[in-house]
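Hi everyone, thanks for making time this morning. I'd like to walk you through one structure, and please stop me if a term is new to you.

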Amino acid sequence: MELPQRELAVLEAASADEPTTVAELASATGEKPETVTGAAFELEERGFVTVSEETVADAELTEEGEQYLADGLPELRLYEAAREAGADDDPVGMGEVLGSAGLEGPEVDIALSNYARKGYGSIDSGDLVANPDADPEADEEAAALAAVANGEPIDADVREALERRDLVVVHERTVRSVTLTDDGVDALMAGVTATEAVGQLTPEMLASGEWADVEFADYNVEADAETPSSGKTHVLRATAERVKDVLVGMGFEEMEGPHADSEFWINDALFMPQDHPARTHWDQFALSEPSEVDDLPEDLLERVESAHREGVGQDGDGYHSPWTEEMARGVDLRGHTTSLSMRYLSGEAVGDLEPPQRYFSVEKVYRNDTLDATHLLEFFQIEGWVMAEDLSVRDLMGTFTEFYSQFGIEDIRFKPHYNPYTEPSFELFGTHPRTGEVIEIGNSGLFRPEVLEPLGVDCDVMAWGLALERLLMLTHGFEDIRDVHGTLADIDFLRDTEVVY
Ligand code: PHE
């Protein structure tokens with residue numbers, strides 16, 4: 001009987017007594033694993049072998065896991081220090097033990113919670129007691145860390161515990177094994193030879209007509225193959241699209257407008273005094289060409305100038321600081337997209353608007369910041385505003401709560417803040433899922449009369465600017481904005497992350 005070469009090789013390398021894995025067969029036959037898998041399935045179809053499948057979980061230490069492997073688990077270090085301090089006789093003050101164990105920062109909480117959980121002792125109002133019967137040598141988690149480092153298998157429950165502690169990450173893979181059937185054994189006994197199967201059709205074979213006589217190897221569409229990495233939408237762009245969907249779902253319409261704009265729309269219309277530090281070249285990028293714009297609405301320009309000089313309403317007072325039209329006509333890269341909100345609220349963009357109205361944009365802004373883990377020269381702002389009669393801080397908070405909950409973020413916090421253009425104003429904070437740190441994610445408020453009156457708006461407007469990158473930090477847990485932007489971007493993170501909310 002004849003079999004294609006690769007099938008024959010697998011048949012000869014397999015055993016009837018015990019399953020042989022594809023990896024073992026690959027090294028025995030010198031074929032690639034995917035070739036062996038293909039041959040195994042073909043042999044199975046002929047009834048010569050059975051192919052079994054098993055899912056294997058491989059654990060790998062995280063950075064934190066590596067660190068504890070080197071330094072010892074925090075709870076074990078705590079236990080050792082507690083024993084040394086005599087805590088199995090009398091309770092010892094916690095501060096003392098933590099100090100001699102060299103535990104600080106987030107390790108303290110980790111040590112304390114696992115200490116009690118794993119029976120190393122108890123904690124009672126600031127005192128530590130050590131259980132004299134506990135055996136740190138027998139700590140399963142410590143042993144498992146070492147086993148993982150050596151590539152040895154570990155118990156599934158312990159692996160899950162380590163995974164919950166973020167000390168290991170687990171990758172699952174399918175392992176296939178091949179066992180000879182009785183028919184397979186019989187076939188081998190009767191004698192099998194290799195047929196020359198042709199894998200690749202060549203121009204020569206076509207020209208000579210040889211193609212008509214040869215046997216072609218079958219394609220196996222089930223064989224394991226490499227996953228090619230191809231182009232895909234950047235996570236930040238995908239998140240921006242999702243943000244747009246959520247806001248449209250909440251009844252908002254999208255704004256658009258220029259990236260380089262007059263200082264008038266970026267700052268003056270927002271009642272930003274012309275001598276405000278944020279209006280210097282330390283903070284914003286100015287254009288030299290064109291260096292000014294000439295198409296500003298004259299009557300609005302006058303009303304804004306008057307708000308700056310004299311204020312609005314009966315108690316208004318203005319700034320009494322210098323104000324020049326020349327400065328208002330200067331051109332900058334917008335430092336926020338609130339310039340778009342001004343263009344829309346003034347009627348300049350789409351004509352006069354009657355309440356109620358809701359608008360948003362998810363667009364790039366530019367700031368002359370110092371580059372670090374949370375700052376770049378450009379980032380995406382989620383701008384938005386709601387125009388309606390009688391808005392309050394509750395409406396503002398309710399809108400954010402609804403918006404962020406669409407991304408699974410339920411613990412938004414608010415802090416009173418100051419903006420020249422809103423009163424009251426609030427900064428928004430969220431909790432970083434990895435570090436537990438509270439990070440700023442946005443800024444908001446209700447526009448002041450000094451902003452709204454010159455624009456001709458006579459009802460309330462609440463507004464905000466949220467950072468898209470910070471939203472992504474909360475949903476995906478990365479810590480450095482440079483992981484997603486620019487030359488230091490983490491390509492694997494960008495490639496492997498699917499944006500699903
Ligand atoms: N422009 C503010 C910023 O960039 C955000 C904001 C917009 C705050 C509208 C209040 C109202 O931080």
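I'll go through a small sheet, two pairs of helices, some paired strands and then the ligand. Keep in mind that this is a predicted model.

Let's start with the small sheet. It's an open sheet of 3 strands, in the order E4-E6-E5, and the pairing is antiparallel. Strand E4, residues 92–93, and strand E5, residues 121–124, sit at the edges with a single partner strand each, so one side of each has no neighbour in the sheet.

Now look at how E5 meets strand E6, which covers residues 127–130: the two run antiparallel and are joined by 4 bridges. If you want one pair to find on screen, Asp-124 stands opposite Asp-127 in E6. H5 packs on this sheet and touches E4, E5 and E6, and its direction makes about 90° with that of E6. Back to the strands for a second: E5 and E6 form a hairpin with 2 residues between them. In that turn, Ser-125 has a positive phi of about 30°.

On to the helices. When two helices pack, we describe them by the angle between their axes and the distance between the axes.

So, how do the axes of H5 and H7 cross? Helix H5, residues 74–84, and helix H7, residues 106–117, have axes that come within 7 Å and cross at roughly 75°. That's why we call H5 roughly perpendicular to H7. On the H5 side, the contact is made by Pro-74, Glu-75, Arg-77, Leu-78 and Tyr-79, and on the H7 side by Glu-107, Ile-110, Ala-111, Asn-114 and Tyr-115. Sort those by class and you get 6 nonpolar, 1 polar and 3 charged residues.

Here's the other pair. Helix H12, residues 235–249, packs with helix H19, residues 468–476, at an angle of about 100°, with the axes 10 Å apart. That angle makes H12 roughly perpendicular to H19. Val-235, Leu-236, Thr-239, Ala-240 and Val-243 of H12 meet Leu-468, Glu-469, Leu-471 and Leu-472 of H19. By class, the contact of H12 with H19 has 7 nonpolar, 1 polar and 1 charged residues.

Next, the paired strands. Strand E16, residues 413–419, runs antiparallel to strand E17, residues 422–431, and 6 bridges join them. Here Phe-414 stands opposite Leu-428 in E17. A hairpin through 2 residues connects E16 to E17.

E17 also pairs with strand E18, residues 438–447, again antiparallel, with 8 bridges. Ser-425 has Gly-445 in E18 as its bridge partner. E17 and E18 form a hairpin as well, with 6 residues between them, and Gly-436 in that turn has a positive phi of about 75°.

Remember Gly-445, the partner of Ser-425? That glycine brings us to the ligand, since Gly-445 is one of the residues around it. Which other residues surround the ligand? They are His-336, Thr-338, Asn-419, Thr-422, Asn-443, Ser-444, Ala-463, Trp-464 and Gly-465. E18 and strand E19, which spans 460–467, each supply at least two residues of the shell. And what is the make-up of the shell by class? The shell has 2 nonpolar, 8 polar and no charged residues.

That's my tour, so over to you for questions.

Terms used
Residues are numbered from 1 along each chain as its sequence is written. This is a predicted model: local features need pLDDT of at least 70, side-chain atom pairs count only at pLDDT 80 or more; totals for chains, interfaces and linings use all residues. Two strands pair if DSSP finds at least two bridges between them. A residue is near a molecule or strand if its C-beta atom, placed from the backbone, lies within 6 Å of it. Ala, Val, Leu, Ile, Met, Phe, Trp, Tyr, Cys and Pro count as nonpolar, Asp, Glu, Lys and Arg as charged, and the others, Gly among them, as polar. Axes are lines fitted to C-alpha atoms, for helices over the stretch in contact, and angles run from 0 to 180 degrees between N-to-C directions. Angles under 35 degrees count as roughly parallel, over 145 as roughly antiparallel, 65 to 115 as roughly perpendicular and the rest as oblique. Two residues are in contact if their C-beta atoms, placed from the backbone, lie within 7 Å.
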